[in-house]
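These are my notebook entries on one structure, set down in the order in which I looked things up. The sequence and the coordinates come first.

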Number of protein chains: 2
Amino acid sequence: MTVSKTAADAAKVSRPVAGQDLDASSDDGLLQLGELSGLLGYSLKRAQLRVFEDFLRCVAPLQLTPAQFSVLLLLDQNPGRNQTEIANTLGILRPNFVAMLDALESRELCARMRSASDRRSHILVLTDKGRAVLARAKKLVANKHEARLIELLGPESHAALLEMLAKIAREF
Amino acid sequence: MTVSKTAADAAKVSRPVAGQDLDASSDDGLLQLGELSGLLGYSLKRAQLRVFEDFLRCVAPLQLTPAQFSVLLLLDQNPGRNQTEIANTLGILRPNFVAMLDALESRELCARMRSASDRRSHILVLTDKGRAVLARAKKLVANKHEARLIELLGPESHAALLEMLAKIAREF
DNA sequence: CGACGTTTGATATATCGGATAACAATTATC
DNA sequence: GATAATTGTTATCCGATATATCAAACGTCG
């Protein structure tokens, strides 16, 4: 879709805002975010992107994404669970969880084992390597990632932030 | 990639956690999020998904996504800007912004007009319809969406949350 | 002026997360 | 024992995101 209109053709567009020419091409300077700054969803998304970006940097030596880290953590704290249970509590759809597990399993961080009591389901277990990687990842996250966040916000604000986000995720 | 291991084949996996059989298949009850709840990135993402979901519901009558709403808002507050400027301040890559604008323009919410001073760039303008839709959207967002959030958190916590998220987006 | 590099919008394309439908194997229900 | 439900899986689609490349238009500078 190409455009043929010119600035002089401001027919239906109207309101060239008196004293604001379409050719005053450069008011250099940052654009006004305006009411956007008051939109919680906007700041939320922006902050989330930054935090994930930093998470990736901090844990880069272990080549773990936030999602993969969360799977390992959950497996460690909930042994004997199958794919559906783990995927559900992380909000991952079962079909999408398959490839994720394939990746983790191919790196020998976890393993699927057929349950003897229900031969449909796969019991998920961390391997020793998986536990080792998780332990190193936890340290990197705590010392490099979360530490920086706490330093930025202050410990009490950080705790309050966590509390509010959890509340939103839970009750909103 | 299929799996042939059985639970009895827990060779290298080890630590079946004494007293925790792989066949105790159902400890029904919610899984332990554990240290995941302390991970800011995790709560951040979860909260963001909830908030966007609610945003979509609230503004559904106008068929606007959060990204589209942010574009309209930005256009309104920064007239006379071109695609690159708007896309950059929203963190949208120029190639991806093209289709977004096509969609908004096909609905006659905004228009691209060739600048007389630089015939490469398109000056973006809200149409009257665009301004009308934006006005309605702002009301829906304020009265239905943000209002619910403020009710949940309380006004002062809501403000503090906004402040912290902005700080993360800005300084982290 | 004219060659050269840059910028702008656009196209094509790749990747990734997320969603649905469908299937075989297995289990549960009646 | 027939039927329904569950588990893991595949295929597929959609949306957001990322890069390379292009033509047209600009800026610079010899």
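The entries below deal with the two protein chains, the two DNA strands and one chosen residue.

**Entry 1: status of the model.** I record at the outset that this is a predicted model.

**Entry 2: relation of the chains.** I superposed chain B on chain A and obtained an RMSD of 0.0 Å, with a turn of 180 degrees and a shift of 0.0 Å along the axis. I therefore noted the relation as that of a two-fold axis. I then looked for the C-alpha of chain B nearest the axis and found that of B:L161, 3.2 Å from it.

**Entry 3: the contact between the chains.** I counted 88 residues from chain B and 88 residues from chain A in the contact. Of the interface residues of chain B, 100% are also interface residues in chain A, so I concluded that the copies meet through the same surface. The size of an interface is often given as the accessible area lost when the parts come together. For chain B and chain A I noted a buried area of about 8600 Å², with carbon and sulfur atoms giving 65% of it. Which three residues supply more than any other three of the area that chain B buries against chain A? I found B:L31, B:L40 and B:F172, which supply 10% of that area.

**Entry 4: DNA strand D.** I listed 17 residues around DNA strand D, the closest being A:T84, A:R112, A:R120, B:N96 and B:R119. Of the strand D atoms that come within 4 Å of the protein, 60% belong to sugar and phosphate. I examined three polar pairs individually.

- A polar side-chain atom of A:T84 is placed 2.4 Å from a phosphate oxygen of strand D.
- A:H122 uses a backbone N or O atom, 3.0 Å from a phosphate oxygen of strand D.
- A:R120 has a side-chain N or O atom 2.8 Å from a base oxygen of strand D.

I next asked which helices supply at least two residues each to the surface near strand D. They are α3 (83-90) and α4 (94-106) of chain A and α4 (94-106) of chain B. With three residues, α4 of chain A gives the most. By class, I noted seven charged, six polar and four nonpolar residues on this surface.

**Entry 5: DNA strand C.** Around DNA strand C I listed 16 residues, and the closest are A:R119, B:Q83, B:T84, B:R112 and B:R120. Sugar and phosphate make up 61% of the strand C atoms that come within 4 Å of the protein. Again I examined three pairs.

- A polar backbone atom of A:R119 is 2.8 Å from a phosphate oxygen of strand C.
- In B:R112, a side-chain N or O atom is 2.6 Å from a phosphate oxygen of strand C.
- In B:R120, a polar side-chain atom is 2.7 Å from a base oxygen of strand C.

For strand C, the helices that each supply at least two residues are α4 of chain A with α3 (83-90) and α4 of chain B. I noted six charged, six polar and four nonpolar residues on the surface near strand C.

**Entry 6: B:V98.** I located B:V98 in helix α4 of chain B. Is B:V98 buried, partly exposed or exposed? Its relative accessibility is 35%, so I entered B:V98 as partly exposed. Leaving aside neighbours within four places in sequence, I found B:V98 in contact with B:Q83 and B:R112. I also noted that B:V98 and B:A87 are eleven residues apart in sequence, with their C-alpha atoms 9.4 Å apart.

Technical notes
Residues numbered from 1 in each chain as written. Chains lettered and ligands numbered in written order. Predicted model: local features only at pLDDT ≥ 70, side-chain atom pairs only at ≥ 80, totals over all residues. Heavy atoms only, no water. Near = heavy atom within 4 Å. Polar contact = N/O pair within 3.5 Å; in protein donor to acceptor, adjacent residues only side chain to side chain. Helix = DSSP H or I, 4+ residues; strand = E, 2+ residues; numbered from the N terminus. Nonpolar A, V, L, I, M, F, W, Y, C, P; charged D, E, K, R; others polar. Least-squares fit on C-alpha atoms with pLDDT ≥ 70 in both. Contact = heavy atoms within 4.5 Å. Buried < 20%, exposed > 50% of the residue type's maximum accessible area, 1.4 Å probe, protein only. Buried area = accessible area lost by both parts, 1.4 Å probe.
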